[in-house]
Amino acid sequence: MAGCSSHVALAYEDAYTYLHHPAVIIGGLFALVALILSLFLILQHLRFYTNPAEQKWIVSIVFMVPVYATESVISLWNPRFSLACDILRSCYEAFALYSFGRYLIACIGGETRVIQLLENESRKRLGKLLLERGEGGEEEEEEKEEEIHQKSFCNFFFRPYLLGEDLLTIENFGLVQYMILKTLCAFSALLLEVFGVYGDGEFKWYYGYPYITVVMNFSQMWALYCLVQFYDATHERLRPIKPLAKFISFKAIVFATWWQGVGIALLCAYGVLPKHGKMQTALQDFFICIEMAIAAVAHVFVFSAEPYHFLPVSENRKGMVSAETTKATLKVEQSNEEKPAVVEAPGTSIKESVQDIVVEGGHRVVEDVVLTINQAIGPMEKGVTKIQETLHRKTEADNHHEESELEVEDHVEQHLLASESHSELHV
């Protein structure tokens, strides 16, 4: 039996050796296509960086393709770097998901505009809901409104448009918690691998892989669900940017590659695919190289820089990156219909564009991470405070009870002494 197992292992090793070099070449070609298309698109956005609020997040999203392609080729070429590459890929994947959420907010007009939109939609839907439940006095209407707001947890799943500003808070929390957990799990995997208890692809209780997979699966699904609920409440305002195509192309990279890796691990665990460490990671890396080339082509159309080449004449240019000296041309429509005139956007400094992305984007990320941590710690602090108050009250009650018992004992003792003294006097 042992000899048969060794023969199978040798056969898999020979197959891996035979297929490895062609796979590296083919995967490298696909990765090169992905790099060229993605970097060209990024340079276009940096060259015409006319809407920093949106484009800083577009660049972050598109840059995910070069990151995935480069790390997958390196891991495919040398499996010893597979874990390090996977950690970097995981960290950037979480940041890209956060960037996509920020991009949707920027397309609506920023957080202030989103809050106004959500609050207006909440009031409008709430009024319709109250009318559907029947007319009544002011007290009854207030009671109905309070009852609806009290079911905020259920509303998030079934009627997110009633939450108003809270929906934006939940969406931000969902995306940032995924970014934090993904990063922590990635470095936990590295630490477990150092001690030899990670077991990549092994669904056994004494390895860390299945537990990290469960945590990441839950966190990922929650982040995606928050994003879907936010899209459901704002899709009318997002229609001009065709959000569905962007959502699908992004989801295909982030979530499909994750489930692809889990699926390959499961197939290897059940013996459908060869249970060989190098073969398992090589399959995942090879597929990602091909998928990144497809994603890069999709991004050229979905996240095109062309809409940022022209701006309305009345566009407020405040806050934009300073432009290089170029000649702007005014384009006026030759038709009877009234259409806003547009100005060809002057080219911008790539150095300043990158600086804005790094500084402003990084500042925004830090703010959201700190806010999310505070939001997570807040309920814990309240819970600890409540426990301490309960224990304090219980201690005070116990002390009061002990004091009462001592007073009763003293009273009884005094009564007995008085009785004895009275008896002696009587005698």
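In the predicted model, Trp259 is partly exposed, with a relative accessible area of 40%. This value falls between the 20% limit under which a residue counts as buried and the 50% limit over which a residue counts as exposed, and Trp259 is therefore assigned to the intermediate class. Trp259 belongs to helix H10, which spans residues 243-269. When neighbours within four places in sequence are set aside, the contacts of Trp259 are with Asn217, Gln220 and Met221. Asn217 is 42 residues from Trp259 along the chain, and the C-alpha atoms of these two residues are separated by 9.0 Å.

A second aromatic residue, Tyr211, is located in helix H9, formed by residues 209-238. Tyr211 is likewise partly exposed, and its relative accessible area is 48%. That value lies under the 50% cut-off for exposed residues, so Tyr211 is not classed as exposed. Tyr198 is 13 residues away from Tyr211 in sequence, and the C-alpha atoms of the two tyrosines are 9.8 Å apart in space.

The protein as a whole contains twelve helices and three strands. Of its 427 residues, 38% are buried. Among contacts between residues at least 6 apart in sequence, 77% join residues at least 24 apart.

Helix H2 (residues 52-62) is mostly covered, with ten of its eleven residues buried. The buried residues of H2 include Pro52, Gln55, Lys56, Val59 and Val62. Glu54, Trp57, Ile58, Ser60 and Ile61 are also buried, and these five residues take part in the contact of H2 with helix H4.

Helix H4 comprises residues 82-108, and H2 packs with H4 at an angle of about 155°, the two axes being 8 Å apart. Because the angle is over 145 degrees, H2 and H4 are roughly antiparallel to each other. Their crossing is left-handed. On the H2 side, the contact is made by Ala53, Glu54, Trp57, Ile58, Ser60 and Ile61. These residues meet Tyr92, Phe95, Ala96, Tyr98, Ser99, Phe100, Arg102, Tyr103, Ala106 and Cys107 of H4. By class, the contact of H2 with H4 has twelve nonpolar, two polar and two charged residues. In general, an α-helix has 3.6 residues a turn, so residues three or four places apart point the same way.

H10, the helix that contains Trp259, also packs with helix H3, which runs over residues 64-77. The angle between H3 and H10 is about 35°, and their axes are 11 Å apart. The crossing of H3 and H10 is left-handed. Met64, Val65 and Tyr68 of H3 meet Phe250, Ile253, Val254 and Thr257 of H10. The contact of H3 with H10 comprises six nonpolar residues, one polar residue and no charged residues.

An unreviewed UniProt entry lists residues 23-45, 57-77, 179-199, 211-231, 252-273 and 285-305 under "transmembrane region". Two of these annotated segments were examined in the model. Over residues 57-77, the chain is 95% helix and 0% strand, and the C-alpha atoms at the ends are 31 Å apart. Over residues 179-199, the chain is 76% helix and 0% strand, with the end C-alpha atoms 23 Å apart.

Conventions. Residues numbered from 1 in each chain as written. Predicted model: local features only at pLDDT ≥ 70, side-chain atom pairs only at ≥ 80, totals over all residues. Heavy atoms only, no water. Helix = DSSP H or I, 4+ residues; strand = E, 2+ residues; numbered from the N terminus. Buried < 20%, exposed > 50% of the residue type's maximum accessible area, 1.4 Å probe, protein only. Contact = heavy atoms within 4.5 Å. Axes fitted to C-alpha atoms, helices over the stretch in contact; angles between N-to-C directions. Parallel < 35°, antiparallel > 145°, perpendicular 65-115°, else oblique. Left-handed = near helix turned anticlockwise from the far one by under 90°. Nonpolar A, V, L, I, M, F, W, Y, C, P; charged D, E, K, R; others polar. UniProt positions renumbered as here; feature names shortened; annotations may be inferred.
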